[in-house]
Structure formats: structure tokens, C-alpha cells
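Subject: Structure handover

Hi,

Here is the structure I promised to pass on to you. Have a look at it first, and then read on for what turned up when I went through it.

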Amino acid sequence: MNVTKKSIGKDESGQYDMWEYDFCPANYSRTILLSSGMHAYELSASFGLANFIGNLYTDTENGAFNYIRNNVRIKVVPIVNPWGFNQYPKKYGNFNGVNPNRNFDLDGQWAAYPVQDDEWNKKGTAPFSEAETHNLARWVLDNYDAEFWIDCHTGESYSDKDLWLYYSSDSPILDRINASISAIETWFKGAYGTDCATTREIDHPDMIRGQWSEKMAGIHGICLEQAPRRTTFGTSAMNEGADISNYSTNISTFVQEFLLEKYRNNNVIAITSVSANDIVVSGDTPSVTVETAMSPSNTTQNKFKWVSSDENVVAVYGCTNKAVIVRKGE
């Protein structure tokens, strides 16, 4: 096992690095992405993720963990918003008060999202304008071969819920998401003697980041929110030991289910041709989604590297046959 730490870029304040921790087995065959700390005061998500990693690399009695340690490369960004994490009290938004989740874009969703000045919904001055958003998007695109991405949060305001999930109806891992939820609900019933209050937000307009990841980056996954219906289950205000332990159980359940061997597909259908139309990004349009046509349509070689010849003019964010082009200059 080789473990390395590197910066994926400075945050919007320019004061702090966004760190990636790379847990890389010598002969890995699979890669997954995990992140937390986008909304820095949601602490049980960050501590729960850290606790999961600690358990994963010390619990030698767990057969699934043994498989993961030997075969799965795990890349972790534990604190997406380091400026907010270093404030007292900790902040939800970044240095500019922007929620990075709202700063992504695809199909004009950023422009369509209402302009709001509160810390939960402030979307920035342009798509990908915030360093946290740009760095996180580049991190995902650089790891285009990852099988899935779980972004960890807590829903402090969801006082009537235990488990809260955001994901896309287009995701090919819907059966795995549903199986994971069923497993968590069964465990929860045994642990608490009552049903788990679960909410599923599918294609929610607030989840621009998740939609971008699914459709532009081609990396499937979920936004996981543990909410505080139980006094010791998911409260970002309390962050008691049970919060962190339960969050680790939730992450572990999704990771193990998503990695089941029966879901691996090694059949390759090669691309025979790719075509695209000319597009225009004008001053009135901050971004535009572009799409290539592939033949055959059922190809499994569906990852592309999009490159801008001059990022002072346009930046490009995509890793499938679709990408978001963002105007930066004349």
C-alpha cells in the first residue's frame, strides 16, 4: 500500500490547500472517489469519513475490507472547503459565501438557478467561478476511470429524517443504491428498534454538482446526508460518537455494495467514429453544453479528454461525450 498526500489546488481564499489522500494498493484494479467538508460545519460527515478510512485499513477481520485494501484505489478529499473549516465558528459557504454545489453547470442549470444571497444557495458570479468548484471538477475529470463518487454531507435542518440521499435517475447504479438503502434500513431497525426515516431526492434542481458528475464526467454516485431525527444520529451540531460511528456504517454499506464483483463489466465495444458540430459561446451566454455523436451508440469506450487550447478564453469541464464550455475571455 502506497499512501500519498498532494494538493489539488488552493481554495478561493488563496490561503489553504485542498488536499487529496491517495490510498493505492500495489496491484489495484479499481478506483473510487470519496469527499466531504464542502459545507464545513457538517462535521459528522468529515469525521465519519475519516473514521471509515481508519476502520478500513485496520480491521483485518472484515473480508470485504480485505478485498478493498488489496484491489481498490481510494482517493479522498476530506475537506473541500478548508477556509470554512478553519473559521470559528465554521462556515457553510466558501470565502465568497458561495455554496460550491450550486457553482457547477450543465445544460444551463447554473444560469436557471435562482439568484439567492443566503449561504445555502449563493451560486457565484459564473459557472465554475469558485476555486473549490474548479479544483473538485478537475480532480474528478483527472480520475475519469473511477467507478463512483460519494460526496458526504449532513442534513442538520432535516430534523424529521435519518438518511437523506441525492442521486440521478440516469444513474446505472440505481439497483446498488436501492440495495444499500435496504441494508441500512434493516441494520437501523435492529440497532434502534424502529424504522429508518429515509428520503430520496432524485434529479433535484439543487444537485447541480451531482447531475454534472453523472452526465458530464460520467462518474456515478450519490450525495449522502445523514440527518438528525435521532439525537445521536447525524446531528452536525452535536457530533457525538454515535453520529460518527453511524456515518461510517452508512459509507461502508454503500462502498461495499457499489463494489460487488457481479456488477463489473469487462466487455469492450469499440468506438468507430466521433463527430461534433461547431458551437459559439458569446458574452450573453456564460456557458454552453456541447455533445459529440458516437458510433456505435452502445460503445463502452465512452470516456473523452476535453482540452482547451486557451483557458483564458474558454475552460472545458467534461469527460464523456458531453462537456460544459465556460467563457473566460474574448
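Helix H6, residues 174-192, lies across strands S6, S7 and S8 (220-226). The direction of H6 is at about 180 degrees to that of S6, and since angles over 145 degrees count as roughly antiparallel, H6 and S6 fall under that heading. Please keep in mind that this is a predicted model.

S6 itself is worth a click. Strand S6 covers residues 163-167, and five of its five residues are buried. Which residues sit on each side of S6? On one face you will find Leu 163, Leu 165 and Tyr 167, and on the other Trp 164 and Tyr 166, all of them buried. In general, side chains in a regular strand alternate between the two faces of the sheet. S6 runs parallel to strand S7 (residues 198-202), and five bridges join the two. Across that pairing, Tyr 167 stands opposite Ile 202 in S7.

Zooming out, S6 and S7 belong to an open sheet of eight strands, ordered S1-S2-S4-S3-S5-S8-S6-S7, with mixed pairing. Its edges are S1 (2-10) and S7, each of which pairs on one side only. From one strand to the next, the twist averages 20 degrees. At the S1 end, seven bridges connect S1 with strand S2 (residues 17-24), and these two run antiparallel. If you want a residue pair to look for there, Val 3 stands opposite Phe 23 in S2.

Helix H2 also meets this part of the structure: H2 lies across strand S3 (30-35) and strand S4 (72-77), at about 85 degrees to S4. H2 (residues 63-71) has a helix partner too, namely H8 (residues 241-258). How do H2 and H8 pack? Their angle is about 65 degrees, and their axes are 11 Å apart. H2 and H8 are therefore roughly perpendicular to each other, and their crossing is left-handed. The residues that meet at this contact are Ala 64, Phe 65 and Ile 68 from H2, with Ser 252, Val 255 and Gln 256 from H8.

There is another open sheet to look at, made of three strands in the order S10-S13-S12 with antiparallel pairing. Here S10 (287-291) and S12 (314-317) are the edge strands, each pairing on one side only. Neighbouring strands in this sheet are turned by 25 degrees against each other on average, direction ignored. Helix H7 (residues 208-217) packs on the sheet and touches S10, S12 and S13, with its direction at about 115 degrees to that of S13. Between S10 and S13 (residues 322-327), which run antiparallel, there are five bridges. One bridge to pick out joins Val 290 to its partner Ala 323 in S13.

Now for the backbone details, which you may want to check in your own viewer. A cis peptide bond joins Tyr 88 and Pro 89, with omega at about -5 degrees. Pro 89 is placed in the loop between helix H3 (82-85) and helix H4 (109-112). The peptide bond from Ser 295 to Pro 296 is cis as well, with omega near -5 degrees, and Pro 296 is in the loop between strand S11 (293-295) and S12.

Two residues other than glycine have a positive phi and deserve a look. Asp 107, in the loop between H3 and H4, has phi near 50 degrees. Phe 128 has a phi of about 60 degrees and is found in the loop between H4 and helix H5 (131-142). Is Phe 128 buried or exposed? Its relative accessible area is 2%, so Phe 128 is buried.

Last come the cysteines. How many disulfides does the structure hold? The count is zero. For Cys 152, the nearest cysteine sulfur is that of Cys 223, 8.3 Å away, whereas a disulfide needs the two sulfur atoms within 2.5 Å. Cys 152 counts as buried because its relative accessibility is 2%. Cys 319 is in no disulfide either, and the nearest cysteine sulfur, belonging to Cys 24, is 19 Å away. With 4% relative accessibility, Cys 319 counts as buried.

Enjoy looking around, and do write back with any questions.

Best wishes

Methods. Residues are numbered from 1 along each chain as its sequence is written. This is a predicted model: local features need pLDDT of at least 70, side-chain atom pairs count only at pLDDT 80 or more; totals for chains, interfaces and linings use all residues. Side-chain values use heavy atoms; hydrogens and water are left out. Buried means under 20% relative accessible area, exposed over 50%, partly exposed in between (1.4 Å probe, protein chains only). Two strands pair if DSSP finds at least two bridges between them. Helices (H or I, at least four residues) and strands (E, at least two) are DSSP runs, numbered from the N terminus. Axes are lines fitted to C-alpha atoms, for helices over the stretch in contact, and angles run from 0 to 180 degrees between N-to-C directions. Contact means heavy atoms within 4.5 Å. Angles under 35 degrees count as roughly parallel, over 145 as roughly antiparallel, 65 to 115 as roughly perpendicular and the rest as oblique. A crossing is left-handed if the near helix is turned anticlockwise from the far one by less than a right angle, and right-handed if clockwise.
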